[in-house]
Amino acid sequence: MAHVGCFLLLILGVCGLSSSVPRQFHVVKEQKNWTEAQQYCREKFTDLATIDDMAEMEKIKSAVQDAGVREAWIGLKHGSSPKWQWSLAGRDFYRENEAEFRNWANGQPNGGNNDERDGEDCVTNHDNKKWYNYLCKRQFIFLCYNGTNSTHPYVLVYPGKSWTDAQRYCRENHTDLASVRNQAENELLVKARGSHIGEVWIGLFRDAWEWSDGRSSSFRLWGPGEPNYYGSGQLGFCVEMKSSGQWNDESCNEHRNFICYEALPTVEVVSPQSPFYSGDAVTLRCDIPKYTDWHQYVWLKDNSKVPGKTNQTITITLPHEAGQYQCYRQREDSSVAPYMSRPVNITFNGESTFNTTLSLITENTLVFDCYLGYCHC
Ligand SMILES: [Ca+2]
Ligand SMILES: [Ca+2]
């Protein structure tokens, strides 16, 4: 009865600034330390939950609330390599190299000691257009980014706040703290600060938190005063999400419920290349990211299970097996709904074999019905 405590919630990935592959999240009501939770998620699903943006965050928050869980591990753990990143997460927002655009003043960034507990980990724009790093608790006025206004995307906000409070304000009232993707945007930002002299927070920060699945999402939603590295930290520090949606760092050895995610399976055509012709043998493969522990694959054709096809790869023959194909993995626990791939249509160009003859009766009385260039037999 190991799965009795597994409470399932189905959420499809959302479109926003990031176009992440749809994912399904599972709130697991078993108490495990972070490392055990990670292992469980990797065996049963894809990994511990990773969060790309605010929209995804809202979905997971309701999932945790619906499950009646007070706090749950997510897939974020403190690592040893701090890196600079933008508060505004979402890979599609940045074109190549744009997330790496910097305009540091001479001698900046400085004051880092590879540990954000007392490093200068938050960044300002100065009236000389250059960027400086400061302790995040310093209070400066700040620039929000408003994604709905393409001509004037930057909004200057008074009075001064700590970087974290500024971030919260921008997310609640606009999109996020200001991101700067290139020199032109840096000019636009300088314009938006008007006659204000001195420092203004922008969305660049540095931290050493790392996602379990290796993704680079810079999305964070810390509760007030967090992370504070409170606790033994025996196995390092890991992140739990409260039912309020706010994040807190905890000793990884604490036992918590946890949230796993599962990536959508995909049906790939291995061979041949389309277009397909009647008589072709088409090989399809069911890809389930990082999945390690299955019994068998299940294939569907036109919404019905295909009997006898339980391998990752199947071969179908046209024309009689043309149709819409999907796959999923068979689960040990039948109470967990299958997470099915998007359908892939395997059709063919009937003209290479059949003409537009209405029907053809052979000596063996096989009947071929042809219409609109497609044939069935
Ligand atoms: Ca500095
Ligand atoms: Ca804490």
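Here is a walk through the fold, from the overall picture down to single residues.

Keep in mind that this is a predicted model, so let's begin with how confident the predictor is. Across the protein chain the pLDDT averages 84, and 82% of the residues score at least 70. That confidence isn't spread evenly over the elements. Strand β7, residues 140–145, has the highest mean pLDDT at 98, while strand β1, residues 6–8, has the lowest at 34. Two stretches deserve a cautious eye. Over residues 1–19 the pLDDT stays under 50, and the model has 48 contacts beyond four places in sequence for them. Over residues 352–377 it stays under 50 too, with 35 such contacts in the model.

Now zoom out to the whole chain. You'll find four helices and 23 strands in it. Of its 377 residues, 36% are buried. If you take the contacts with a separation of 6 or more, 68% of them are between residues 24 or more positions apart.

A good place to start exploring the strands is β4, which covers residues 71–86. Seven bridges tie β4 to β10 (residues 200–211), and the two run antiparallel. To see that pairing up close, look for Leu-76, which sits opposite Trp-211 in β10. Strand β4 is also antiparallel to β11, residues 237–242, with four bridges between them. Here Trp-73 has Glu-240 of β11 as its bridge partner. Then there's β13, residues 256–263: this strand runs parallel to β4 and is joined to it by two bridges. Ala-72 is the residue to find here, as it faces Asn-257 in β13.

From the strands, let's move to what is packed among them. The largest nonpolar core has 59 residues, and the members that touch the most others are Leu-177, Trp-201 and Ile-259. Which strand gives this core its largest share? That would be β10, with seven residues. Grouping like this fits a general habit: in soluble globular proteins, nonpolar side chains tend to be buried together. Trp-201 is worth a closer look. Beyond its neighbours within four places in sequence, Trp-201 is in contact with Cys-122, Thr-124, Phe-140, Phe-142, Leu-143, Trp-163, Ala-166 and Leu-177. There is also a second, separate core, this one of 17 residues, including Tyr-297, Ile-314, Leu-318 and Tyr-325.

Further along the chain you come to an open sheet of four strands. Their order is β17-β16-β19-β20, and the pairing is antiparallel. At the edges are β17 and β20 (344–346), each of which pairs on one side only. Inside the sheet, β16 (residues 297–301) is held to β19 (residues 323–329) by five bridges. One spot to check is Trp-299, whose bridge partner in β19 is Cys-327. Strand β16 also has two bridges to β17, residues 304–305. There, Leu-300 partners Lys-305, and Lys-301 stands opposite Ser-304.

What happens at the turn of the hairpin that β16 and β17 make? Two residues lie between the strands, and Asp-302 takes a positive phi near 50 degrees. That's a nice small detail to finish on, once you've followed β4 through its pairings with β10, β11 and β13.

How values were computed: Residues are numbered from 1 along each chain as its sequence is written. Chains are lettered from A and ligands numbered from 1 in the order in which they are written. This is a predicted model: local features need pLDDT of at least 70, side-chain atom pairs count only at pLDDT 80 or more; totals for chains, interfaces and linings use all residues. Two strands pair if DSSP finds at least two bridges between them. A residue is buried if 20 or more other C-beta atoms lie within 10 Å of its own, exposed if 12 or fewer, and partly exposed in between; C-beta atoms are placed from the backbone. Two residues are in contact if their C-beta atoms, placed from the backbone, lie within 7 Å. pLDDT is the predictor's confidence in each residue, from 0 to 100. A nonpolar core is a set of buried Ala, Val, Leu, Ile, Met, Phe, Trp, Tyr and Cys residues joined through C-beta atoms within 7 Å.
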